[in-house]
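Q: I would like a close look at one part of this protein. Please keep it brisk and stay with the packing inside.

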Amino acid sequence: MIKPNLHYADLKESYLFYNIAQKINAYLEKNPDKRLYRMGIGDVSLPLCDAVIKSLHDAVDDQAKKDTFHGYMPECGAPFLKETVADYYKSKGIDVDTEEVFISSGASDELGDILDLFDKSSSALVIEPAYPAYVDANVIAGRKIVHLSSGEENGFLPLPDDETEADIIYICSPNNPTGAVFNKAQLKEWVDFANKNGSIILFDAAYEAFIEDEALPHSIFEIDGARTCAIEICSLSKTAGFTGTRLGYTIIPEELERNGMNFNSMWVRNRTTKTNGVSYIIQKGGAAVFTPEGQKQIKDNIQIYKSNARELMKALDALGIWYTGGENAPYIWLKCPHGMGSWDFFDYLLNEIQVVGTPGEGFGEAGKGYFRFSTFGSPADTKEAARRLTELLGE
Ligand code: PLP
């Protein structure tokens, strides 16, 4: 009889969003006349920008004509988009070759698939609180997970020390859920650690476009030594509203090797075996993000989310509540007031002011007693939520 992958039984049930939905439904059943202010979702609320929409329409028309029709696309990405992404890196002073760029259907898919590059015996270090997929993808593969807890004492930005041991190291900066961002000196410590130990950093840059502080790094490849120890995974989901359209990119430097094996070549082999590439239409839409017009339009949208963040930060500052994030990330991670637990605070906000956030506990043990606000909602709702928070907690 076939033996299933028994590691699925090791997955912890993720009750987070299910529990949130249950609590909201129960509340609305009892209070049908109440309106909720939803600041829990990590999905965007603004539509794709005009430059992308036009490019998508043009690409659909291309597919209607014999001369411009595209069938299978190259597995690692269309050359036009790979070049565009490499140029985007060059515009930030980072030298990336076109052949180091791989086009993907988004960061989630890639974060799971990329594990094919590593032996099952390699351990995976996850800085917690964390985006849940890092742990789950490794549990499914049967890997040992090294949980590195972070907290207020290090601004949720822990560094390696003499006891740190890991083969694969996940770094998400700007971070989901905490919104914290590693600076160059801190990332350099991780890079030096990885080079010394032969580890590989999987750098999740899904929120790089939200960085405002010019001194903070958008890419791990801004750090000396990263080309011999890091893979960067990025996405247009939050940068340009592609959550439902699906597009991302991954950078694997040509010199990244272990045991005489080259990770860039291995990934080419993997992609040519396991995918037939991303749709021509979507890649055309994605390329428009990097045009001057597209860049202006996505930045305008990001500024709307930023103004949401400012509304919330202003309220938290006035209330004297500790938080991180918001400035260079679309998430605000706050300490629940009066020593409340994450779920108690969730219930309190829902029942008293109809504001919905995400309990930090859902992102691992280290999130207990913390709470996440997303800034991807509508400005009017965010403003009202900030006003209600001030009124409730300022008493
Ligand atoms: N990485 C992080 C840290 C995220 O928060 C998310 C989505 O919320 C993703 C990756 C997934 O992005 P994508 O939509 O490209 O799959």
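Which residues touch the most other members of the largest nonpolar core?

A: A word on the model comes before the core. This is a predicted model, in which local features need pLDDT of at least 70, side-chain atom pairs count only at pLDDT 80 or more, and totals for chains, interfaces and linings use all residues. Residues are numbered from 1 along each chain as its sequence is written, and side-chain values use heavy atoms, with hydrogens and water left out.

Trp-190, Ile-201, Tyr-249 and Phe-373 touch the most other members of the largest nonpolar core, which has 87 residues. A nonpolar core is a set of buried Ala, Val, Leu, Ile, Met, Phe, Trp, Tyr and Cys residues joined through side-chain atoms within 4.5 Å. Buried means under 20% relative accessible area, exposed over 50%, and partly exposed in between (1.4 Å probe, protein chains only). At least three residues of this core come from each of domain 1 (6–48 + 294–393) and domain 2 (50–291); the bounds come from an automatic or database domain assignment. A second, separate core has 26 residues, including Phe-102, Ile-145, Ile-233 and Ile-252.

Take Ile-201. Setting aside neighbours within four places in sequence, its contacts (heavy atoms within 4.5 Å) include Trp-190, Ile-169, Ile-171 and Ile-220.

Now the sheet. It is open and mixed, with 7 strands in the order 2-8-7-6-5-3-4. Helices (H or I, at least four residues) and strands (E, at least two) are DSSP runs, numbered from the N terminus. Two strands pair if DSSP finds at least two bridges between them. Strand 2 (101–104) and strand 4 (145–149) are the edges, each pairing on one side only. From one strand to the next, the twist averages 20 degrees. Strand 3 (residues 124–128) runs parallel to strand 4, joined by 5 bridges. Ala-124 stands opposite Ile-145 in strand 4.

Helix 3 (residues 79–91) packs on the sheet, touching strand 2, strand 7 and strand 8 (248–251), and its direction makes about 120 degrees with that of strand 2. Helix 6 (residues 184–197) lies across strand 3, strand 4, strand 5 (168–172) and strand 6 (200–204), at about 165 degrees to strand 5. Axes are lines fitted to C-alpha atoms, for helices over the stretch in contact, and angles run from 0 to 180 degrees between N-to-C directions.

Last, Leu-236. It sits in the loop between strand 7 (230–235) and helix 7 (237–240). Leu-236 is buried, at a relative accessible area of 2%. Not counting residues up to four places away in sequence, Leu-236 touches Tyr-249, Phe-242 and Val-289, among others.
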